[in-house]
Amino acid sequence: MISLRDLTVSFAGVPALRGISFEVARGESYGLVGESGSGKSTILRAITGLAATDGGTMLVDGKPLDRGSRRDIAFLRRVQMVFQDPYGSLHPRHTVDRVLRESLAIQGIDDAEGRIAGILADVGLGPQFRYRYPHQLSGGQRQRVAIARALITDPEVLLLDEPTSALDVSVQAEVLNLLDDLRRARNLTFILVSHNLPVITHMCDRVGVVQNGLLVEELSAAALDRGAGRQAYTQALLAAASGYRRPERAGTQDVARTAAAPSVEVAAEAQLRKLAAPLPEEHGPALSDFLNDALIFGRSLR
Amino acid sequence: MTIATWLQAETPSSTTQAVLGEVWRGLRLTLRHPLAAAGLVIITALLSLALAAPWLGSWGLTAWDPYHPDLAQRLLPPSAEHWLGTDSMGRDGFVRIAFGARITLIIVLLVSVIAGPIGLTVGIAAGYAGGVVDGLLMRITDIFMAFPRLLLALAVAAALGPGLENAVIAIAITSWPPYARLARAETRSVRQADFIAAVRLKGASTARILLRHIAPLCSASLLIRLTFDMAGVILIAAGLGFLGLGAQPPAPEWGTMVAAGRDALTDQWWVATIPGAAIFIASLGFNLLGDGLRDVLDPKSR
Amino acid sequence: MTMTQPSNQASLLDVANLRVTLRTVDGPFDAVRGVSFCLGRERLGIVGESGSGKSMTARAILGLLPRAGRLTADRLQLGGTDLRGVGDRAWTRVRGRRISMVLQDPRHALNPVKTIGRQIDEVLRRHLGLSRREARARTLTLLEAVHIRDPERVYRAFPHAVSGGMGQRAMIALMVAAEPEVLIADEPTSALDLAVQNQVLNVLDEQVVDRGMGLIFISHDLDLVSRFCDRVLVMYGGEVVEELPADRLSAATHPYTRGLIDCAPRLGQGRQRFKTLDRAAISRALQDGPPISPMAGPGRDISAGAQP
């Protein structure tokens, strides 16, 4: 259904994507996981034309996509996106009804009344929400409206850019369940971007791990869930996702604990050394700070 | 249910109810600030006076005509019969102030209706297009802004000749640049927002985005600026009138009235002072209202 | 609800029946409704979702409520000082010196037009009366203590020029510089990448334990708080609905706490649906009565050298 080959994107000379290739089958749920700044959101923006690409090809159902920002109305009918920030994805002066009505009008779909009522029910919002403004809605409700807006024109593909990262954990659970239900009911194809590994493993069939603009590993969600990542970076992400661990203070050494997971730390340090070697200045203070600190703390864990 | 309850309903059941509800909320917010409430009261009083002016006679409030001279009654001080005294032609002061309010408000309205949209269009176009178009439009704006407002208005009015319409044109020409700057700044900050990207992904044309999505967002700060500027417009109009440009006698324009009363200032102070006070009160009212509007329309106060 | 004073340990912070009401256009809103707890030399976590009142509680303690906010409390004691009656000028001697707060985003919480070193110097000179040279030396020591590898560079740097993790550590250094008794951390790691979070938390932990401070750690992340803290308060709708030791979290009984634990996404659960909150049960539990068996007094002292 979706096929990306050697996709490269750069912003003002700084490379954001350095040759991304993967495929998503129709009806599949594909996850993209990585830290912030890894480029995973840029992939979605390239597909939708919100970011221009420098190289590579993108195919949706066999049809190639334009390098720049032009997307024809047929493409927009098939592919839609849900954005991360619930507080920025709705126009502050438009009611929910206006948002949905406009989406239908642009695409030339009639039966606005029925469709609006229907989609609101599908996303779990009753009719009382129809004429509210965004500032009268909670974060979770706004995301539901964003999902309704995306789905009201019956797309086949839904691109989701961290759709629940800004929501409370309890609301996130409800919204993710909703997305899963909608996917099954409408046989949608998902590309879900998140930095949160457990969210990805719950929601997706296959996962691509993105680091610094490169797809370093592709594996099934079940494998990731078991912790079976082969690349060092994947293992590092899994280690970080296991939560905070209080390190041993100076004095007693917990031999058993360090022996239990040497591979994670060794792999992580090896990876860090590889990254630290050529350190171009233009990456700024962030990267060098992180690496230095990681090396310091990495050693203190021993 | 009462009107207040209907307006404050948490779940409006139509767009009309939603919009009116927001207006009502804004009104209540405005009235919470004593100064803004004072501004609202002043402007409302001004508006009422202006609207009721032609019918003042038929309501028995006064039997005086703003235009008809009655030299037997000239230069009378304020009394029970002539609330604000009479001018050098024996015309009742109060009636002339009332009719002058009409002229003042017409000037303010016309200038707003001309300068506002011009500034908005230039600003939005510059902000959205960017690049060369932005540079060109902003340089034109800079040129207009480089001239002192009163001087430019004088020059244009002098070139066009005396008269109310020419005064309006002159003031409007000098008034639009700040709105262009404002609209451009708002457009640039809103341009990257997710909700703009979302509606673009639904297939909205650029025209639709500019007109239906960006323009309404600029309108808030534009309206606030307009309200503040109305005070300045009143003063410039009065200045033009004072200098003999703008509305010509016997039209009861406040500035002209001040000029006419100049000679009698020491003995018959009310002839010049009362119109001057009217100018002052009207300007103050608009300034206070502008303050209140800024608090109401500023999204951060929600 | 009465709190018994412990006999063997003085509490650093004593809060009883704290209430915060906000004046809004639509009427008064009770953001905090009768929160009570004691803080000793321990790590106390306050967990809640948005709207639970946890941040408002912190601000109330520090006297940083918005103008529309009103505070009432039966008791609000920092050591021997009643924080309810502190005037504006007196607050400048309390904040930073006796109680301090680390916020979420260092780019917004640090002064953008002053270098980091200068800001820490100011705190030292103001609260501890150090000379310029002494302050500079102490600042560099502080920056080293929070594991900043190149303290000279960070001393001269502006907040926007350092990474998130480094800025956060600089903020921690700033906030502990005057050696307060109590430190409040409001979502200190929420804006950071996962990889950096652990480092910052370790720094926070070291500072708290080495200096014998009491720490209030506010977060929406129950898992994190249960691993990092000693005791946990769970807040919902402005109230404390449950209070329990961090290592006994699995024995939580309140439906909201249980719901929070269950609905968090975890690895190793496969593709199953997320559990969601049973909001009806939570409403019922809230109406039924006061929270389940609050602990009387602060928890155990974890400062270095204290008896377990």
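**A sheet, a helix and two loops**

In chain C, strand 10 (residues 231-236) and strand 11 pair in the antiparallel sense, over 6 bridges. One residue of this pairing can be picked out: C:Leu233 has C:Glu243 of strand 11 as its bridge partner. The model is a predicted one.

These two strands belong to an open sheet of chain C, made of 6 strands in the order 7-8-9-3-10-11 with mixed pairing. Its edges are strand 7 (99-102) and strand 11 (239-245), each of which pairs on one side only. From one strand to the next, the twist averages 20 degrees. Helix 7 (residues 164-176) of chain C packs on this sheet, where it touches strand 7 and strand 8 (182-186). The direction of helix 7 makes about 170 degrees with that of strand 7 of chain C.

Chain C also contains a residue with a backbone angle worth a look. Most residues other than glycine have a negative phi. C:His147 is not a glycine, yet its phi is positive, at about 60 degrees. The residue lies in the loop between helix 5 (132-145) and helix 6 (151-156) of chain C. Is C:His147 buried or exposed? It has 20 other C-beta atoms within 10 Å, and 20 or more make a residue buried, so C:His147 counts as buried.

Chain A offers a second case. A:Asn187 has a positive phi of about 55 degrees and is likewise not a glycine. Its place is the loop between helix 6 (169-186) and strand 8 (189-194) of chain A. A:Asn187 has 9 C-beta neighbours inside 10 Å; the limit for an exposed residue is 12 or fewer, and therefore A:Asn187 is exposed.

For chain A as a whole, the model has 12 helices and 10 strands. The chain has 302 residues, of which 45% count as buried. Among its contacts with a separation of 6 or more, 67% are between residues 24 or more positions apart.

In chain B, helix 7 (residues 164-175) allows a check of length. The helix has 12 residues, and at 1.5 Å a residue it should span 16 Å; the end C-alpha atoms are 16 Å apart, so the two values agree. The buried residues of this helix include B:Ala167, B:Val168, B:Ala170 and B:Ile171. B:Ala172, B:Ile173, B:Thr174 and B:Ser175 are buried too. What do the buried residues of helix 7 of chain B pack against? Their partners are helix 4 (93-129), helix 6 (149-160) and helix 10 (206-242) of chain B.

Methods. Residues numbered from 1 in each chain as written. Chains lettered and ligands numbered in written order. Predicted model: local features only at pLDDT ≥ 70, side-chain atom pairs only at ≥ 80, totals over all residues. Helix = DSSP H or I, 4+ residues; strand = E, 2+ residues; numbered from the N terminus. Expected span 1.5 Å × (residues − 1). Contact = placed C-beta atoms within 7 Å. Pairing = 2+ DSSP bridges. Axes fitted to C-alpha atoms, helices over the stretch in contact; angles between N-to-C directions.
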